[in-house]
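Work through the two exercises below with the sequence and the structure open beside you. Try each task before you read its solution.

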Amino acid sequence: MAELGQPPYRATQAYQALTRGLATDFAAIGVLPRALRAALAERLEPLALRPVETRATATSDARKTLFETRDGHAVEAVLMLYRRRATVCVSSQVGCSVRCAFCASGARGLARSLSAEEMADQVLHFARELRGAGRSVTNVVFMGMGEPFHAYDETLRACRLLSDPEGFGLGARGLSISTAGVVPAVRRFTAEESQINLAVSLHAATDELRDRLVPLNRRYPLDALLAACADYVARRRRKLLFEYVVLAGVNDGDDQVRALAGRLRRPLYHLNLIAYNETGGEFARPQAGELAAFRERLVAAGLSCTVRRSPGGEIEAACGQLAATRAPGPLD
Ligand code: SAH
């Protein structure tokens, strides 16, 4: 605006129209003078991502959108609708370098991290879709493709963008970041003054098994990771969620129950079990009964533990299935 000889309040008006007002186009920003709208449209592209295709589940409780970045990469985000909540699962990278054994997102390695605008745009896209139905985004989870703590600065900037009360205005308590266990970033996050929730992908409670499932464990083993987690809880006094993909016959044995009980029986720790979603690998999804029994054993061992409802499996939109390959299927 300064370059165009405009007063600063014009920038505020444009910013609010694009974030709070969900405008996609400068021409539609009615508060700006017509000549200024044209000048902006000539200079700036308001959208960082172009939505390419959307698939929805039969019951419409989940929708997955494939987006294209300006430099031609594909990323996916998912909207999950619950009775009172509407949660967007955001991708932070194109691909992922962590290569967890059971996850599709890292299968082809990492292309690049996304910018904060590219992360926030995924949320604004679904906010626009919801607005027609009189609903709004209540939660944003950085649990899509990528390791958000390998894109630390941009992820935190996306959080600040989304929670800016002058802009999109999502409550910081509605934001959650999930990490595969990048210990220095967990420590850095602990020092931030923020209300953002943290989740840690554990998947095994012995180093031997976790080395195999989450290769990052060789660099940041369980003792180091859980020491950083304990500091986080002590300093921030916030609940900490541990995610645990249950792989039938692999990480649901008595040894893991004992190790989990030993490591996680602490105030404010919560264990969230995720039934493995098929990604075409060597692993098997546990039967519903087996999963419930595993949870019972963990509860009996003194842990706070629940099973995650993970909608979207039928459209490859469930945890671990985002890979941004174009799959044939019903278009919306
Ligand atoms: N890289 C971050 C963010 C991804 S969050 C992290 O690892 O935490 C996505 C969650 O889904 C992670 O807990 C991940 O381990 C889990 N997940 C990956 N593949 C899965 C699969 N096939 N089935 C179920 N959960 C899976």
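The exercises deal with the ligand and with pairs of aromatic rings. This is a predicted model, in which local features need pLDDT of at least 70 and side-chain atom pairs count only at pLDDT 80 or more, while totals for chains, interfaces and linings use all residues. Residues are numbered from 1 along each chain as its sequence is written, and side-chain values use heavy atoms, with hydrogens and water left out.

**Exercise 1.** Find which residues are closest to the ligand, and describe the polar contacts of Phe102, Gly146 and His203.

*Solution.* Begin with the shell of 22 residues around the ligand (a residue is near if one of its heavy atoms lies within 4 Å), where the closest are Phe102, Ser178, Ser201, His203 and Asn277. Next, look for polar contacts, which are pairs of N or O atoms within 3.5 Å. A nitrogen atom of the ligand lies 2.9 Å from a backbone N or O atom of Phe102, and a polar backbone atom of Gly146 is 3.0 Å from a ligand nitrogen. In the side chain of His203, an N or O atom is 2.7 Å from an oxygen atom of the ligand.

**Exercise 2.** Describe the ring pair formed by Tyr244 and Phe294, and explain which parts of the chain it ties together.

*Solution.* Rings of Phe, Tyr and Trp (its six-membered ring) pair if their centres lie within 6.5 Å, and their planes count as stacked under 30 degrees, edge-to-face over 60 and tilted otherwise. By this rule there are six aromatic pairs. In one of them, Phe149 and Phe189 are tilted, with 5.7 Å between centres and 50° between planes. Tyr244 and Phe294 also form a tilted pair, at 5.9 Å and 35°. Tyr244 lies in strand S10 and Phe294 in helix H9 (residues 288-300), so this pair ties together parts that are 50 residues apart in sequence.

Conventions
Polar contact = N/O pair within 3.5 Å; in protein donor to acceptor, adjacent residues only side chain to side chain. Helix = DSSP H or I, 4+ residues; strand = E, 2+ residues; numbered from the N terminus.
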